[in-house]
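Trainee: I'd like a close look at one part of this model, and then a walk outward from there. Could you take me through the charged pairs and the rings?

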Amino acid sequence: MHDGAQSNFFTHYKIPLFFAVFICSFMVAAPIFGYLGDRFNRKIILSCGIFFWSAVTLSSSFITKEYYWLFVLSRGLVGIGESSYSSISPTIIGDLFTNNSRTMMLSFFYLAIPLGSGLGYILGSSAKEAAGDWHWALRVSPVLGMTAGTLILFFVPEPKRGSADQLGGRLKTRTPWTCDMKALAKNRSYVFSSLASAAVSFATGAFGVWIPQYLFRAQVVQKAVVPCTQEPCSSKDSLIFGAITCVTGLLGVLIGAATTRLCRQKTERADPLVCAVSMLGSAIFICLIFVVAKKSIVGAYVCIFIGETLLFLNWAITADILMYVVIPTRRATAVAFQGFTSHILGDAGSPYLIGLISDALQQSYTDSVLWQFLSLGYALMLCPFVIVLGGMFFLATALFFLDDRDKAEKQDTGQKELYSVTRLESHHSWILNIGQ
């Protein structure tokens, strides 16, 4: 595909080339960092990844438009750096805390996703306006990133794997990577929760690209605005949707942690059940978006707010489920491949798929403003069906959760006993050698 065609392709389907390159590099790098994170010093890998992505971001701010391809390449390198922290950070938290404390700390970690997105937009926009040059938007976050990397390197402890489960220092054996992958593939709770996470990613990826345009088309149908025939169009809906996503992300993670903590007093299957109920509830309100948008934009925003809050409820809980059902020595690999699955089955292709469906539906009435609005709405209706499917996957997780959790605990205990026997045998050998 030549450059012009490629540019038209990404513009037409509203999928930025930068995002595609970032996601692809992230997916390729995540399994590598998962492998390294289960075998080497995680704190050093994490800090190096942050320094690397900060340095690449800072360097990319000096690239001129004549070297556009180099700027695209830099987005791929940023994806590599980001995959390091997203694969390794949850495992460090998992080895520092346990039970409700771990849920709360993972919630704080996942709060950084919407909070960081909002602050990044605010700081970047402020820097751009203050300097009168968009390049300065790329020079603020690297300073913060390098500061965070330095603080992690000097002040964050490197816990021994399994230390929160009283196994620190005892998990000396490392199983081969192929053995780890076979064990994860047989872990039903891990597989189903990963597929459910992909459903969340599918919906959020499609919404981020298409919902602002859908709401703009709704206003055109209501004759509140005139159709946009030439870029750039109004970004008001994108700003409002972005602000709602930040707020609902924060609320969803906090409500999810609190709800799970309460429900654990009633049932041991609370984690996957809370996720399942929130997903099914989210699907209802997301369906309502397409019912009320034609008449009321405010009503659509209300449905988006509630639907996204329920959808984001399971961010931290999904990570907590993984910590329960996967042994400490393969958690980084598990986190990495869960992220890989979420992207490749989720936001890596969902915007493109929604665009294709919308265009196919729109072919008969290409000049109809109403049909442009309706065709995109019909295409986006795929999202609540995928979300319901994700809720079913969480229900399946609930069926196997206790068995897989017990298997992981028994495997940890087995490693602990093996360590004790090996240590006792070594002690006896030492006594015999002294006697000889």
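Which residue forms a salt bridge with aspartate 406, and how far apart are the closest N and O atoms?

Mentor: Keep in mind that this is a predicted model. The partner of aspartate 406 is arginine 405, and their closest N and O atoms are 3.9 Å apart. A salt bridge here needs the nitrogen within 4 Å of the carboxyl oxygen, so the pair counts. The two ends sit in different accessibility classes: aspartate 406 has 30% relative accessibility and is partly exposed, while arginine 405, at 14%, counts as buried because the cut-off for buried is under 20%.

That pair is one of nine salt bridges in the structure. Now take arginine 331, which bridges to aspartate 95 with 3.5 Å between the closest N and O atoms. Arginine 331 belongs to helix 13 (residues 331-347) and aspartate 95 to helix 4 (residues 68-96), so this bridge ties together parts 236 residues apart in sequence. Both arginine 331 and aspartate 95 are buried.

Step back one residue to arginine 330, whose side chain meets that of aspartate 180 in a salt bridge at 3.1 Å, N to O. Arginine 330 is in the loop between helix 12 (315-325) and helix 13, and aspartate 180 is in helix 7 (residues 177-186), 150 residues away. Aspartate 180 is buried at a relative accessible area of 1%, and arginine 330 is buried too, at 6%.

There's also a network of salt bridges linking Arg102, Arg264, Asp271 and Asp320. Arginine 102 has a ring for company as well: it lies over the face of tyrosine 324, 4.8 Å from the ring centre.

On to the rings, then. The structure holds 10 aromatic pairs. Phenylalanine 109 and tyrosine 110 have ring centres 5.0 Å apart and planes at 85°, so they are edge-to-face; both are buried. Phenylalanine 192 and phenylalanine 393, on the other hand, are stacked, with 6.2 Å between centres and 25° between planes. That pair joins helix 8 (residues 188-221), home of phenylalanine 192, to helix 16 (residues 382-435), home of phenylalanine 393, across 201 residues. Phenylalanine 192 counts as partly exposed at 23% relative accessibility. Ring pairs also gather Trp177, Phe337 and Phe340 into a cluster.

For the backdrop, the chain has 16 helices and zero strands, and buried residues make up 46% of its 436 residues. Of the contacts between residues at least 6 apart in sequence, 83% join residues at least 24 apart.

Conventions
Residues are numbered from 1 along each chain as its sequence is written. This is a predicted model: local features need pLDDT of at least 70, side-chain atom pairs count only at pLDDT 80 or more; totals for chains, interfaces and linings use all residues. Side-chain values use heavy atoms; hydrogens and water are left out. Helices (H or I, at least four residues) and strands (E, at least two) are DSSP runs, numbered from the N terminus. Buried means under 20% relative accessible area, exposed over 50%, partly exposed in between (1.4 Å probe, protein chains only). Contact means heavy atoms within 4.5 Å. Rings of Phe, Tyr and Trp (its six-membered ring) pair if their centres lie within 6.5 Å; planes under 30 degrees apart count as stacked, over 60 as edge-to-face and the rest as tilted. A charge sits over a ring if NZ of Lys or CZ of Arg is within 6 Å of the ring centre and within 35 degrees of the ring normal.
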